[in-house]
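This briefing sets out selected features of one protein chain for a reader working from its coordinates. The topics run from a single residue and its surroundings to helices, backbone geometry and the chain as a whole.

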Amino acid sequence: MAQESGRPASVPRRRKPSINDVARIAGVSYQTVSRVINNAPDVSAATRDRVLGVIKEIGYRRNRTATALVTSRSTVIGILTDGSPRFGPVGTLMALESLARQNGYASTVVTVDEPYQESVPKALDALDDVGVDGIIVIAPRLAMAAAVWNADVRVPVEMIAAGASSTPNVFTYSENQELGARMATQHLIDLGHKDIAHIAGSMEWFDGRVRKRGWEASMRDAGLEPGLCVEGDWSPKFAYETGLRVVSEGRVPQAIFAVSDHTALGLIRAFAENGVRVPEDVSIVGFDDVEGSDYFLPPLTTVRQDFPALAQASIDALLAAVEGREVDRTPSVPTLVVRASTIPARLRQTSP
């Protein structure tokens, strides 16, 4: 007799478990199982644990198509991104996808390229057409955000863009990166440094703009004139070349706020190759707290972004918009992580 996957042909395949199977085995009603699946509050802890145990034991999976027919909700979130390989957009995308699953939502990700005025409307229409409940746009660039603002979409659209304003059609959420830049700069000011440079990111990025703005504001609030500012492309290569030029021109400042940890990495290498010591000759603060920044030489003082918290707050805001609820959209707050790349100005030495 023919066999498939080691199973006799006379033995029928086991059908997929249904919600009714869960209810029968758990000894509860169909409605109770539905309330557990949808995290409704009116279920006792004991009943919830019993239902979840049965779901796990028999391998029940919710039928999203059936759910959509009953609730008019697809339980799918659309995510639009420009595919940037930079730490911030990638960290945000990974956290969003993970937190969406933890909240019972699948996610459909679409990547767009320039020209955004053409690719963004098509991508938003595609997500709308597949029936997503709402769309989260990771928009690090101003040009991409402009295309989102101009688009016409039937479902709620949320844009993660640092410092950007909401419009009637698109609401925004982000981490308070300007505050993070202020924290980094204020840390250097509190250490007694007065000549504080900023190696910036691209001004075509929201992140680059708000971090520069935070640096400038902190300097002026302290009665200090903003020092050297060089706008770059976020890469360690650019930072390395900038570091070499600063050394050759004799313009090494007392301290530097680097727009990212990768920028700080390029600077540290350029300085090390030319006998400029960090932090003895120049203190450096980064931004992002990328994995491994605590193993830079020296370990890097930096600003940590909490991507899981950002993702959860973004998903909460989108689902509130889908359900017509109000929710707190106050930007999340980053954290200053002090390590060995910064020291008080009074301990600063002059290289021979």
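Does Asp289 count as buried or exposed, and at what relative accessibility? In this predicted model, Asp289 counts as buried, because its relative accessibility is 15% and the limit for a buried residue is under 20%. The points below place Asp289 in its loop and then turn to other parts of the chain.

**Asp289 and Val303**

- Asp289 belongs to the loop between E11 and E12.
- The phi of Asp289 is positive, at about 55°, although the residue is not a glycine.
- Val303 is part of strand E12 and counts as buried, with a relative accessibility of 0%.
- Leaving aside residues up to four places away in sequence, Val303 touches Gly286, Phe287, Asp288 and Asp289, and also Gly180, Ala184, Pro334, Thr335 and Leu336.
- Between the C-alpha atoms of Val303 and Thr81 the separation is 24 Å, and the two residues are 222 apart along the chain.

**Unusual backbone geometry**

- Most residues other than glycine have a negative phi, and most peptide bonds are trans.
- Trp234 is not a glycine, yet its phi is positive at about 80°.
- This tryptophan, Trp234, sits in the loop between strand E9 (229-231) and helix H10 (236-248).
- Trp234 is buried, and its relative accessible area is 9%.
- A cis peptide bond links Val278 to Pro279, with omega near 10°.
- Pro279 is located in the loop between helix H11 (261-273) and strand E11 (283-285).
- Another cis peptide bond runs from Leu297 to Pro298, with omega near 5°.
- Pro298 is in the loop between E11 and strand E12 (302-304), and Asp289 likewise lies in the loop between E11 and E12.

**Helix H3**

- Helix H3 covers residues 45-58, a run of 14 residues.
- From its first C-alpha to its last, H3 reaches 20 Å, close to the 20 Å expected at 1.5 Å a residue.
- The buried residues in H3 are Thr47, Arg48, Val51, Val54, Ile55 and Ile58.
- Seen down the axis of H3, these buried residues fall within an arc of 130°, so they line one face of the helix.
- Exposed residues Ala45, Ala46, Asp49, Lys56 and Glu57 are carried on the face of H3 turned away from its buried side.
- Helix H1 (19-26) and helix H2 (30-37) are included in what covers the buried residues of H3.
- Gly59, just after H3, takes a positive phi of about 75°.

**Helix H6**

- Helix H6 has 14 residues, at positions 116-129.
- The reach of H6 from its first C-alpha to its last is 19 Å, close to the 20 Å expected at 1.5 Å a residue.
- Buried in H6 are Tyr116, Ser119, Val120, Ala123, Leu124, Leu127 and Asp128.
- These buried residues are on the same side of H6, because they cover an arc of only 165° around the axis.
- Glu118, Lys122 and Asp129 are exposed on the other side of H6.
- The cover over the buried residues of H6 includes strand E3 (76-81), strand E4 (106-111), strand E5 (134-138) and helix H7 (142-150).
- Just after H6, Gly131 has a positive phi of about 90°.

**The chain as a whole**

- The chain contains twelve helices and 13 strands.
- The radius of gyration of the chain is 26 Å, whereas a compact globule of 352 residues would have one near 20 Å.
- The C-alpha trace spans about 85 × 45 × 45 Å along its principal axes.
- Of the 352 residues in the chain, 48% are buried.
- Among contacts between residues at least 6 apart in sequence, 70% join residues at least 24 apart.
- About 17,400 Å² of the chain is exposed, and carbon and sulfur atoms supply 51% of that area.

**Annotated segment**

- UniProt, in an unreviewed entry, lists residues 181-211 for "domain: Rhodanese".
- Over residues 181-211 the chain is 52% helix and 16% strand.
- The end C-alpha atoms of residues 181-211 are 5 Å apart.

Note on methods
Residues numbered from 1 in each chain as written. Predicted model: local features only at pLDDT ≥ 70, side-chain atom pairs only at ≥ 80, totals over all residues. Heavy atoms only, no water. Helix = DSSP H or I, 4+ residues; strand = E, 2+ residues; numbered from the N terminus. Expected span 1.5 Å × (residues − 1). Buried < 20%, exposed > 50% of the residue type's maximum accessible area, 1.4 Å probe, protein only. Arc of directions from axis to C-beta. Contact = heavy atoms within 4.5 Å. Rg over C-alpha atoms; globule rule 2.2 N^0.38 Å. Areas by Shrake-Rupley, 256 points an atom, 1.4 Å probe, with all protein chains shown as cover. UniProt positions renumbered as here; feature names shortened; annotations may be inferred.
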